[in-house]
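This briefing walks through selected local features of a single protein model, and then places them in its overall layout. Please keep the sequence and the structure in view while reading.

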Amino acid sequence: VAYQSYRNSTLGNSLREILLQFAKAINSALAQRVRNRVNFRGSLNTYRFCHHVQTFALNGVKFREVTELVRVDKVKIVACDGKNTGSDNTE
């Protein structure tokens, strides 16, 4: 279980802190600056849920903004639990 020893190393801890700060900055910027809403529709190919992370693979997806429509063959969406407020959870 090599990844566990890496996670507990100085480099692993530093990387985790950097990624946590990055995620906080991105979430803050998105909450303050993005006002547009986009709807999308497609066919669900696969769905996975592991360690509070949801992964959706969609086929034939249509993204619709107010005046614009974009079609793509495949989309992968990865969503994490946003309610976890920085607890030291190392699953």
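In this predicted model, the side chain of Arg35 reaches back to the backbone oxygen of Ala31 at 3.2 Å, and a polar atom of that same side chain lies 3.1 Å from the backbone oxygen of Gln32. Arg35 itself is placed in the loop between helix H2 (10–33) and strand S1 (39–50), and with a relative accessible area of 63% the residue is exposed, because that value is over the 50% cut-off. The points below turn from this loop to the strands that follow, and then to the protein as a whole.

**Overall layout**

- The protein contains two helices and three strands, and these elements follow one another along the sequence in the pattern α-α-β-β-β.
- Of the 91 residues of the protein, 7% count as buried, while the accessible surface comes to about 8,100 Å², with 54% of it belonging to carbon and sulfur atoms.
- Among the contacts between residues at least 6 apart in sequence, 28% join residues that are at least 24 apart.

**The sheet**

- The three strands form an open sheet in the order S1-S2-S3, and the pairing within it is antiparallel; S1 and strand S3 (69–80) are the edge strands, each of them pairing on one side only.
- On average, and with direction ignored, neighbouring strands of this sheet are turned by 15° against each other.
- Strands of a sheet pair through backbone hydrogen bonds, and they may do so in either a parallel or an antiparallel way.
- S1 and S2 pair in the antiparallel sense over 10 bridges, and one example is Arg41, whose bridge partner in S2 is Lys62.
- S2 and S3 likewise pair in the antiparallel sense, here over 11 bridges, and Phe63 has Val70 as its bridge partner in S3.

**The turn between S1 and S2**

- S1 and S2 form a hairpin that has two residues between the strands, and His51 takes a positive phi in this hairpin.
- His51 lies in the loop between S1 and S2, and its phi is near 55°, a positive value in a residue other than glycine.
- His52 is placed in the loop between S1 and S2 as well, and its phi, near 65°, is again a positive value in a residue other than glycine.
- As background to these two angles, most residues other than glycine have a negative phi.
- With a relative accessible area of 40%, His52 is partly exposed, since the value falls between the cut-offs of 20% and 50%.

**Aromatic pairs**

- How many aromatic pairs does the structure hold? There are two.
- In one of them, the rings of Phe40 and Phe63 have their centres 5.7 Å apart and their planes at 40°, so the pair counts as tilted.
- Because Phe40 lies in strand S1 and Phe63 in strand S2, this pair ties together parts that are 23 residues apart in sequence.
- Both rings belong to partly exposed residues, Phe40 having a relative accessibility of 45% and Phe63 one of 24%.
- The rings of Tyr47 and Phe56 make up a further pair, with their centres 5.0 Å apart and their planes at 50°, so that this pair too is tilted.
- Tyr47 is partly exposed, with a relative accessible area of 42%, and Phe56 is also partly exposed, with a value of 25%.

**A buried position in S2**

- Is Thr55 buried or exposed? Thr55 is buried, because its relative accessible area of 16% is under the 20% cut-off.
- Thr55 is found in strand S2 (residues 53–64), and, leaving aside its neighbours within four places in sequence, Thr55 is in contact with Thr46, Tyr47 and Arg48, as well as with Lys76, Ile77 and Val78.
- Tyr47 therefore appears in two of these descriptions, as a contact of Thr55 and as a member of the tilted pair with Phe56.

Technical notes. Residues numbered from 1 in each chain as written. Predicted model: local features only at pLDDT ≥ 70, side-chain atom pairs only at ≥ 80, totals over all residues. Heavy atoms only, no water. Helix = DSSP H or I, 4+ residues; strand = E, 2+ residues; numbered from the N terminus. Buried < 20%, exposed > 50% of the residue type's maximum accessible area, 1.4 Å probe, protein only. Contact = heavy atoms within 4.5 Å. Polar contact = N/O pair within 3.5 Å; in protein donor to acceptor, adjacent residues only side chain to side chain. Pairing = 2+ DSSP bridges. Axes fitted to C-alpha atoms, helices over the stretch in contact; angles between N-to-C directions. Phe/Tyr/Trp six-rings, centres within 6.5 Å; stacked < 30°, edge-to-face > 60°. Areas by Shrake-Rupley, 256 points an atom, 1.4 Å probe, with all protein chains shown as cover.
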